[in-house]
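Q: Hey, can you walk me through this structure? I'd like to start with the basics.

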Amino acid sequence: TVRIVPLPLKAMATAERPILVTGATLVFDDDTAGYGGPPGAVYAREVTNPEEVKAGLMELGVPRGLAQTLADEDAKIGLRIYLLDNSGSTAACDGNILKNMSMQSCTRWEEICHMAEEHARWNMTIGVPCEFLLLNCPAKDVGQLLEGRDYVHLHRSKQASEADQLASLRKMLDRNGPRGVTPMTKRVNEIHDRIKTQFTHLINEGQYVFFTIATDGMPTAPNSGDSTEQDQRDFVKALRDLCMDTPVQLVIRLCTDDDKTVDFYNKLDEELELPLDILDDICGEAKEIYDNGNRWLAYTPLMHKIREAGSMFKLLDLLDERALAGTEIQRLVTLLSGSADPLPSDPKLFCEAVARMAETSKPVFDARLKRNGPFVDVQQLRGAMGVGGGCCAVM
């Protein structure tokens with residue numbers, strides 16, 4: 001299985017730091033506070049068997065084909081980082097979370113906390129190291145970060161059990177409610193500096209850091225509640241520098257319906273040539289995907305979680321940008337179908353095969369309709385594939 005392995009420091013005392021370990025994917029030494037566990041420990045993520053990762057993903061409910069695709073890219077994931085916005089505005093009560101297959105109102109901070117805990121369990125199950133860092137934390141600078149107070153780093157090799165590690169995340173979230181402003185540029189630059197210490201080894205191992213920012217606001221200076229044009233330019237520069245200088249895949253998960261904020265981030269996605277995906281909450285994404293022509297798809301919590309964590313499977317990124325072409329639809333539907341066998345390539349036969357599968361497959365939660373149903377709308381699928389039914393044809 002995937003695991004983080006502690007390595008003795010004295011065995012590497014003569015090596016230059018950071019240290020590269022043959023056969024490992026990530027190594028952290030005592031200078032990289034927050035990424036390697038307690039001071040004085042060194043950790044490496046071992047390369048894993050994709051079949052083991054696939055089994056773990058299927059245990060989480062990922063369909064067979066999609067689980068295989070994600071398992072194949074797992075070896076490229078060195079670390080996931082989640083920056084959690086706990087600024088004062090996250091106390092607003094217009095958040096939404098999915099519980100027991102129904103949407104429930106909550107504060108924006110509760111929505112962010114819910115996402116963090118869901119992703120902690122997800123990453124622990126499949127063995128990906130992950131870190132959750134507060135935007136506004138007691139530490140005044142990166143050198144003063146304290147695990148359990150300012151951030152939590154989760155991985156399987158820790159002596160603490162999975163339940164205890166998840167409890168430590170919950171404890172940190174409970175102790176650090178909404179307060180302060182939105183100094184995201186400062187935090188992004190700090191994370192940039194920390195990732196850069198591992199840059200050479202990530203490149204050598206073909207590794208990436210997946211970085212998710214969960215926020216409800218626009219960037220501000222550390223001592224101001226107003227987001228100026230200069231603040232916004234500084235934030236854009238910080239993102240650009242991060243992506244150009246380090247092997248990072250970015251996701252910005254918005255926890256707000258404020259038009260000005262949403263427009264700012266959507267323009268980032270449209271104008272910047274960066275490995276960046278901007279996401280709304282699950283209902284907002286489901287509507288956007290539907291409005292962009294992919295009406296055949298039931299957008300599920302599982303798909304949303306995969307996109308929040310970041311993925312190299314670019315068809316998922318395209319869903320809220322444009323209607324997929326016929327061949328793209330066939331590929332995605334095949335992966336979501338759970339079928340162990342290839343589906344027909346002929347559009348008509350393909351739709352007939354999917355229709356039979358939809359009748360017998362386990363229902364999924366459709367976030368747009370807010371109810372359970374088949375994983376695809378077969379009538380809309382036929383229209384999208386140009387074989388009758390639905391309201392559009394995309395080839």
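Here is a short chat about some of its residues and helices.

A: Sure! This is a predicted model, where local features need pLDDT of at least 70, side-chain atom pairs count only at pLDDT 80 or more, and totals for chains, interfaces and linings use all residues. Residues are numbered from 1 along each chain as its sequence is written, and side-chain values use heavy atoms, with hydrogens and water left out.

Q: Cool. What can you tell me about helix 3, and how many of its residues are buried?

A: Helix 3 covers residues 108–126. Of its 19 residues, 14 are buried, so the rest of the structure largely encloses it. (Buried means under 20% relative accessible area, exposed means over 50%, and partly exposed is in between, using a 1.4 Å probe and protein chains only.) Helices here are DSSP runs of H or I with at least four residues, strands are E runs of at least two, and both are numbered from the N terminus.

Q: What span should helix 3 have?

A: It should span 27 Å at 1.5 Å a residue, and its end C-alpha atoms are 28 Å apart, which agrees. The expected span is 1.5 Å times one less than the number of residues.

Q: And what happens just after helix 3?

A: Glycine 127 sits there with a positive phi of about 85°.

Q: Which residue has a positive phi although it is not a glycine?

A: Asparagine 100 is one of them, with a phi of about 50°. You'll find asparagine 100 in the loop between strand 5 (95–99) and strand 6 (102–106). Its relative accessible area is 76%, so asparagine 100 is exposed. Lysine 370 also has a positive phi, near 60°, and belongs to the loop between strand 12 (364–366) and strand 13 (371–373).

Q: Is lysine 370 exposed or partly exposed?

A: Lysine 370 counts as partly exposed because its relative accessibility is 47%.

Q: New topic: where is lysine 348?

A: Lysine 348 is in helix 13 (residues 347–360), and it counts as exposed at 52% relative accessibility. From lysine 348 to glycine 388 is 40 residues in sequence and 9.0 Å in space, C-alpha to C-alpha.

Q: How far is arginine 295 from glycine 383?

A: Their C-alpha atoms are separated by 9.5 Å, with their positions 88 residues apart along the chain. Arginine 295 lies in the loop between helix 9 (282–291) and helix 10 (301–309). At a relative accessible area of 29%, arginine 295 is partly exposed.
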